[in-house]
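Q: Could you take a close look at one part of this model for me? I'd like the packing walked through piece by piece.

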Amino acid sequence: LVHLTLGDLAERVAVDADPARIGSYVATFQRARLAREAAAPVQGKLVCLADVQPATAKWLWPGRIPLGGLTILDGNPGLGKSTMMLDIVARITTGRAMPDGATSLDGAAGAVLLSAEDSLAHTIRPRLDAAAADCTRIVALVAITDPDGDRFPSLDRDLPHLETAITRVHARLVVIDPVTAFLGNVDAHRDSDVRRALAPLAVSRVYWRGFGMIIEAWPRGSWK
């Protein structure tokens with residue numbers, strides 16, 4: 001039972017058209033999978049701090065947006081958070097200095113957008129044009145296509161697709177606006193659930209390959 005594989009299941013289904021037996025095969029496969037998971041050893045991974053090499057922080061915007069880090073932009077609705085993020089994108093894609101005159105990148109770089117609230121054609125592109133962005137360096141991850149059709153991107157399962165977008169435009173900035181739209185089946189009102197949903201970013205190649213990330217925080221009903 002423990003050694004029943006997906007290939008074994010496919011072979012049995014291919015030669016047997018009886019729905020009842022196919023259901024039995026699927027149930028047996030699921031039990032085999034659970035048995036393998038139960039038999040697998042579970043170990044904790046320990047890191048001795050003496051083996052950790054200290055590193056100096058690198059910045060996309062010195063003192064404000066770190067590379068290889070997550071920056072949360074939080075505030076009441078209607079204050080221009082999305083507009084400010086697109087202004088930063090425009091500066092990154094053209095190699096211009098930040099509003100305080102700071103510079104850190106050696107020339108222009110790309111950016112990736114995940115936006116759930118604003119139209120690309122009616123809002124985002126006009127704002128980028130107004131900020132003099134180089135839109136050839138910007139891509140938006142708008143959907144994931146799987147066998148069931150198009151679905152919304154989710155941070156807990158679609159990091160490889162995000163990495164593909166980053167690589168395509170040599171991005172140094174990823175903007176997620178707002179983060180609640182890309183958490184998948186997560187209760188955004190529970191901090192522990194949100195932290196678990198964002199945890200894969202902390203161990204992914206996307207997070208640590210020298211990109212900055214800005215996310216607009218989830219709205220709170222208590223804001224007035």
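Let's start with a cysteine: is Cys135 buried, partly exposed or exposed? After that, please zoom in on helix H3 and the core around it.

A: Sure, and keep in mind that this is a predicted model. Cys135 is partly exposed, at 22% relative accessibility. Cys48 also falls in the partly exposed class, with a relative accessible area of 45%. As for disulfides, the count is zero.

Now to H3, which covers residues 81-94. With 14 residues at 1.5 Å each, the helix should span 20 Å, and its end C-alpha atoms are indeed 20 Å apart, so the two agree. H3 is mostly covered, with 10 of its 14 residues buried. Those buried residues include nonpolar ones such as Met85, Leu86, Ile88, Val89 and Ile92, but also Lys81, Ser82, Arg91 and Thr93. Just after the helix, Gly95 adopts a positive phi of about 75 degrees.

What does H3 pack into? The largest nonpolar core has 24 residues, and the members touching the most others are Ile88, Val89, Ile92, Leu113, Leu128, Leu173 and Ile214. At least two core residues come from each of strand S1 (59-61), H3, strand S4 (110-115), helix H4 (120-130) and strand S8 (171-177). H3 gives the most, with six residues. Take Ile88: leaving aside residues up to four places away in sequence, Ile88 touches Trp61, Ile65, Met98, Leu173 and Ile214. Apart from this core lies another one of 22 residues, among them Leu159, Ile176, Val194 and Ala197.

Terms used
Residues numbered from 1 in each chain as written. Predicted model: local features only at pLDDT ≥ 70, side-chain atom pairs only at ≥ 80, totals over all residues. Heavy atoms only, no water. Disulfide = S-S within 2.5 Å. Buried < 20%, exposed > 50% of the residue type's maximum accessible area, 1.4 Å probe, protein only. Core = buried A, V, L, I, M, F, W, Y, C linked by side-chain atoms within 4.5 Å. Helix = DSSP H or I, 4+ residues; strand = E, 2+ residues; numbered from the N terminus. Contact = heavy atoms within 4.5 Å. Expected span 1.5 Å × (residues − 1).
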